[in-house]
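Trainee: Please take one part of this model and go through it closely, together with what packs around it. Give the cut-offs as you go.

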Amino acid sequence: MNAIITVVGKDKVGIMAGVCNTLQTVNVNILDISQTVLHNNIFTMNMLVDISCANVGYDKIVDALNDEGERLGVSIRIQREEVFDAMHKI
Amino acid sequence: MINQREILETLNMIDNQHLDIRTITMGISLRSCAHPDAKICAQRMYDKITKYAENLVKTGEDLEREMGIPIINKRISVTPIAIAAEACETEDYSIFARAMDDAAKACGVNFIGGFSALVQKGFTIGDRRLIASIPEALATTDFVCSSVNVGSTKAGINMDAVKLMGETIKRAAYITRDRDGFGCAKLVVFCNAVEDNPFMAGAFHGVGEPECAINVGVSGPGVVYNALKEVKGEPFHVVSETIKKTAFKITRMGQLMASEASKRLGAEFGIVDLSLAPTPAVGDSVARILEEMGIEVCGTHGTTAALALLNDAVKKGGVMASSSVGGLSGAFIPVSEDEGMIAAAEKGVLTLDKLEAMTCVCSVGLDMIAVPGDTSAETISAIIADEAAIGMINNKTTAVRIIPAPGKSVGDSIEMGGLLGTAPVMPVHGEGSVDFIHRGGRIPAPLNSLRN
């Protein structure tokens with residue numbers, strides 16, 4: 001099962017590392033990443049991940065990402081890929 | 001992968017434009033609960049509702065978390081109680097309303113609909129008992145919603161029922177007078193009621209429906225409003241295209257949620273209701289969409305045309321996005337639940353007569369309207385008759401949910417709380433309709449050709 005992780009916040013060192021480390025801890029595999037920095041300081045990243053082999057439930061993945069987001073001072077959210085497919089693909 | 005712009009567009013709709021799933025409503029048939037003993041019948045109803053809907057709220061919350069889209073309400077609709085309880089040897093049907101209320105509380109839902117009767121052509125014994133029990137049922141329960149269908153295009157209008165409902169609404173307002181007549185906010189009088197409506201207060205699980213079905217109502221006035229801001233000054237075909245595209249996207253969310261919810265709950269996927277349902281929150285208003293089209297204040301000249309375009313474009317966009325469309329499907333114009341409507345009514349621009357005209361081109365009807373407490377039962381009946389006539393002639397659903405606010409007059413307003421909002425008391429015509437309403441009988445079904 002795939003999900004999209006969206007990270008938005010003020011750019012700083014270690015955001016990518018923090019998110020990737022968190023995902024490794026819960027055994028979520030990264031399939032694709034698209035990342036950019038808008039207006040010189042807004043870090044924006046979308047990540048396609050596979051959560052089918054995760055070693056914890058969906059709730060725990062959400063919690064782990066929320067905790068990491070708080071630590072990094074950015075917003076991290078995870079949503080099932082179907083949400084975006086439904087809205088943007090026919 | 002979906003591109004970044006599309007991902008951010010979706011997130012912006014959720015975060016800033018109030019995109020949400022307005023309701024996931026589980027329809028449950030209570031036809032198997034009939035028993036001559038009212039207590040046993042009520043117990044059976046409670047048991048069946050709580051069994052089927054046990055995981056409804058949890059499933060809704062799981063979906064919210066996984067999909068990242070708020071689901072505002074989880075609700076239940078049941079077989080019209082006048083049918084489900086008709087075998088019982090009791091005069092007072094409020095016992096069934098209490099069973100429904102207890103079941104709603106046990107399941108954690110915030111409304112349960114179906115304390116209803118379908119009397120478009122005439123009354124059965126159960127219908128009469130149910131209608132007589134409505135005021136008491138609404139006053140003694142928290143979450144029960146009631147509806148009565150008094151007319152249809154095929155049957156005409158039951159004017160005896162129209163008269164009775166005027167009296168019932170007055171009575172419901174009186175016995176809930178300590179709460180500004182709140183009971184009336186949970187009571188809808190329909191013409192051409194639909195059997196798979198997920199929205200309250202008019203939801204019930206129709207007799208042609210399966211054992212258990214999931215019906216979903218989407219929302220999104222804020223998303224449409226923001227999309228229209230991008231096409232300021234453009235001609236109407238551009239406006240219509242913009243609304244269609246937006247409605248498509250909104251409805252796809254409803255379709256996804258409805259199919260997931262029905263799979264997880266082991267219920268049939270019923271319908272997605274393509275409605276633009278406003279809330280009192282700023283930025284979630286249907287009136288503001290009309291104003292964005294160039295109407296200075298909702299209710300002035302041009303409002304009906306703007307609403308007609310909006311309603312049609314929402315349907316055109318939504319219908320392709322869902323495998324099964326139904327329910328009420330149209331723009332709602334509940335006055336107390338729409339920040340822009342409240343403002344327009346307070347200014348005196350949006351009047352009852354204009355609202356009546358607007359209901360000719362949208363779903364559903366005169367909704368959440370407060371009128372002076374001294375409005376007579378006959379006048380309320382006459383308002384219902386007018387609305388039912390519009391529905392009957394135009395082959396559409398119309399409804400009246402009106403609150404004769406006890407002790408209040410024009411200039412006052414009543415506070416319903418939560419999604420029900422604030423209703424400014426609107427003036428009604430002082431001239432009576434007493435002799436008209438006291439005729440009784442039936443307005444025959446209309447001709448369906450020679451349409452002009």
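Mentor: Two residues are in contact if their C-beta atoms, placed from the backbone, lie within 7 Å. Helices (H or I, at least four residues) and strands (E, at least two) are DSSP runs, numbered from the N terminus. This is a predicted model, in which local features need pLDDT of at least 70 and side-chain atom pairs count only at pLDDT 80 or more, while totals for chains, interfaces and linings use all residues. Residues are numbered from 1 along each chain as its sequence is written, and chains are lettered from A and ligands numbered from 1 in the order in which they are written.

The part I choose is helix α3 of chain B, residues 56-67. Its twelve residues reach 16 Å from the first C-alpha to the last, close to the expected 16 Å (1.5 Å times one less than the number of residues). Leu56(B), Thr59(B), Gly60(B), Leu63(B) and Met67(B) are the buried residues of α3(B); buried means 20 or more other C-beta atoms within 10 Å of a residue's own, exposed means 12 or fewer, and partly exposed is in between. Because they cover an arc of only 100° around the axis, they sit on the same side of α3(B); the arc is that of the directions from the helix axis to the C-beta atoms.

The cover over these buried residues draws on both chains. From chain A it includes β4 (74-80) and α3 (81-88). From chain B it includes β1 (21-28), β2 (71-78), α5 (94-107) and α9 (236-265). Just after α3(B), Gly68(B) has a positive phi of about 75°.

Since chain A takes part in that cover, the contact between the chains comes next. Chain A contributes 19 residues to the contact and chain B 17 residues. On the side of chain A that touches chain B, at least two residues each come from β1 (2-10), β2 (29-38), β3 (42-50), α2 (58-72), β4 and α3 of chain A. The largest share there, seven residues, belongs to α3(A). By class, that side has eight nonpolar, five polar and six charged residues, where Ala, Val, Leu, Ile, Met, Phe, Trp, Tyr, Cys and Pro count as nonpolar, Asp, Glu, Lys and Arg as charged, and the others, Gly among them, as polar.

Two loops of chain A flank β2(A). In the loop between α1 (15-25) and β2 of chain A, Asn27(A) has a positive phi near 60° although it is not glycine. Asn27(A) counts as exposed because it has 12 C-beta neighbours inside 10 Å. In the loop between β2 and β3 of chain A, His39(A), also not a glycine, has a positive phi of about 50°. With 6 other C-beta atoms within 10 Å, His39(A) is exposed.

As for the chain that holds the helix, chain B has 15 helices and 14 strands. Its C-alpha atoms fill a box of roughly 65 × 50 × 45 Å along the principal axes. Of its 452 residues, 61% are buried. Contacts between residues at least 6 apart in sequence join residues at least 24 apart in 80% of cases in chain B. Strand β4 (residues 144-152) of chain B is mostly covered, with nine of its nine residues buried. Elsewhere in chain B, a cis peptide bond with omega of about 15° joins Met200(B) and Ala201(B); Ala201(B) lies in the loop between β6 (187-191) and β7 (212-218) of chain B.
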